[in-house]
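I sat down with this one to see what I could look up. These are my notes, in the order I made them.

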Amino acid sequence: MSGRVLITMDDLEVGVPVNAALEEAGLTTAMVSSFDDLRAAVRRAEPEVVVFTGALHERPARELAALARERDAARLALLEPGAQDPGRLVHALGLSAWLVKPMAPAEVASAVQRLIERRRLQERTGILGDSPAIHEVLVKIEQMAPVSSTVLVEGESGTGKELVAQAMHSLSARRERPFIAVNCAALPESLLESELFGHEKGSFTGAAERRLGRFELANGGTLFLDEVGEMPHSVQVKLLRVLETRSFFRVGGTQPIHVDVRVIAATNRPLKEAAAGGRFREDLYFRLNVLAIYLPPLRERPSDISILVRRFVRELSQLHGREFRGISAEAMEMLMGAPWPGNVRQLRNLIESMVVLAPGREIGPADIPPEIRDGRLRFLPAPLPESRREIAGQELEFIFRSLVELKLQIEELRRRLDDHGPSVEVIDLGRAPARGMPPGGPVLSVPGDRDQDDDRSVVYRPGMTMAQVEKFTIAAALEATKGNRRRAAEQLGIGERTLYRKIKEFGLN
Ligand SMILES: Nc1ncnc2c1ncn2[C@@H]1O[C@H](COP(=O)(O)OP(=O)(O)OP(=O)(O)O)[C@@H](O)[C@H]1O
Ligand SMILES: [Mg+2]
């Protein structure tokens, strides 16, 4: 295997044999020590992996690690057996892997090779991250890609399920054939069925031509069934049949169609529970779940955040033609502490907005939106014991989403009110009554001409029903607008048709 490695040479006793083993393994090596120009060395060597053999001073070690990270080179350290607090070192250098001395140089060479392979796999698939969870996902993708068994990809929204499905397709022998995605939640039952299986001419009203379904179009390739948990029961039955027999009928068709399609299904809600609760066919669940990949939420793998942020800043500033140096350490820390309910997608979107909006050449703490900066969203799932995590996580997620939704609704309401102004406001107590209304009680006023207050006053007296209040309010609005129904409807904040209906209902015409 070829590959480029930069190796530190402050400890020659370790460095020299490791270097020999790396060369033996076919890798191209370059050497660097504490007193060299590190930046120049990294630029020259273009390493895919930097190996820290030890004895490097702390400052140059950090600098070299930062330079390696900038270029997405993996970082492998050989630690002393009694190394104090290896965790601190791992964190400080952002290590991708480490080995404890003494180790055979050949062992180092094979670890380096594995890192190079993984790095290349990440480049090919676009799946970034250094967390053990992402490593596991990558290993699974590699193992599962060559076979045609069905895969179920589970994970919260924005965790990269589609990215995983695409990676699996592009690493398989099917890569030259189509990858077709269908969102099962986006279409009503009848349309979904014909979307998946196609239909014959005249099979239903509007079916003017024969149409091929996604299963046929994906023949030889991969079909990605997104949000499979939302699939209606009738379609679930048909999908089960295709998975069992590899054949199906077009809607209105009588000839079985045979296809060779690999199905990858995704869901952001645990399908097992849906199956247990009867919302999803259990037999189909088992059919889909032959192989499974779980993508943990980003908040459970914060070590991936810095890699993702760096890459997104680079990619998106290039896309938008902005010259960005990167992100400050303080800003990065804020991002790493946020809970990311929308996972990688939310992180990417935020970086995009910051790249476009941030005034400087570096993203700083002031560019980070307050809800993330102040950690206001931090009440989201704290780590819980394994057994309770699934349920509590979902409950908290549900509560969180409800709160977010509520907040959005309130904002929307507020915006509407700001746009239109209040249609009815309480301006006074005990004002003169409108015609035909008994005196006393609070007065409601419909906004209109200020100098005609008395004509527009509506009195509320305890005991009055809502319908009565409504009736008199409408009457007052009509008076205020001199019978102009369009303006009255506008002022009341209701549709003109509704106003007409109510006028009729209350006998106001
Ligand atoms: N590990 C990762 N590395 C790089 N980019 C990622 C990673 N995970 C997700 N992304 C990016 O985040 C975005 C969302 O990913 P994707 O669409 O695959 O998520 P999803 O799980 O299918 O979400 P949903 O359930 O909402 O459909 C995409 O832009 C994707 O490229
Ligand atoms: Mg998706």
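I began with the shell around ligand 1, whose residues divide into six nonpolar, six polar and six charged. My classes: Ala, Val, Leu, Ile, Met, Phe, Trp, Tyr, Cys and Pro are nonpolar, Asp, Glu, Lys and Arg are charged, and the others, Gly among them, are polar. This is a predicted model, where local features need pLDDT of at least 70 and side-chain atom pairs count only at pLDDT 80 or more, while totals for chains, interfaces and linings use all residues; side-chain values use heavy atoms, with hydrogens and water left out. Residues are numbered from 1 along each chain as its sequence is written, and chains are lettered from A and ligands numbered from 1 in the order in which they are written.

Which of the 18 residues around ligand 1 come nearest? I found Leu128, Ser157, Gly158, Lys161 and Arg345 (near means a heavy atom within 4 Å). Helices H7 (161-170), H13 (303-319) and H15 (343-357) each supply at least two residues of that shell. Helices (H or I, at least four residues) and strands (E, at least two) are DSSP runs, numbered from the N terminus.

Next I checked polar contacts, pairs of N or O atoms within 3.5 Å. The side chain of lysine 161 has an N or O atom 2.6 Å from an oxygen of ligand 1. Backbone N or O atoms make two others: glycine 160 has one 3.1 Å from a ligand 1 oxygen, and glutamate 162 has one at 3.1 Å as well. The protein covers 84% of the 630 Å² of accessible area that ligand 1 has on its own (Shrake-Rupley, 1.4 Å probe).

Then helix packing. H5 (105-125) and H6 (132-144) pack at about 80°, axes 11 Å apart. I take axes as lines fitted to C-alpha atoms over the stretch in contact, with angles from 0 to 180 degrees between N-to-C directions. H5 and H6 are therefore roughly perpendicular (65 to 115 degrees). Arg118, Leu121, Gln122 and Thr125 in H5 meet Ile134, His135, Leu138 and Glu142 in H6 (contact means heavy atoms within 4.5 Å). That contact divides into three nonpolar, three polar and two charged residues.

I also looked up H19 (485-492) and H20 (496-505), which pack at about 105° with axes 9 Å apart. Their contact holds six nonpolar, no polar and three charged residues.

Last, backbone oddities. Most residues other than glycine have a negative phi, and most peptide bonds are trans. The bond from lysine 101 to proline 102 is cis, omega near -5°, and proline 102 lies in the loop between S5 (97-100) and H5. Glutamate 227 is not a glycine, yet has a positive phi of about 50°; I placed glutamate 227 in the loop between S10 (222-226) and H10 (233-245).

Key: Polar contact = N/O pair within 3.5 Å; in protein donor to acceptor, adjacent residues only side chain to side chain. Parallel < 35°, antiparallel > 145°, perpendicular 65-115°, else oblique.
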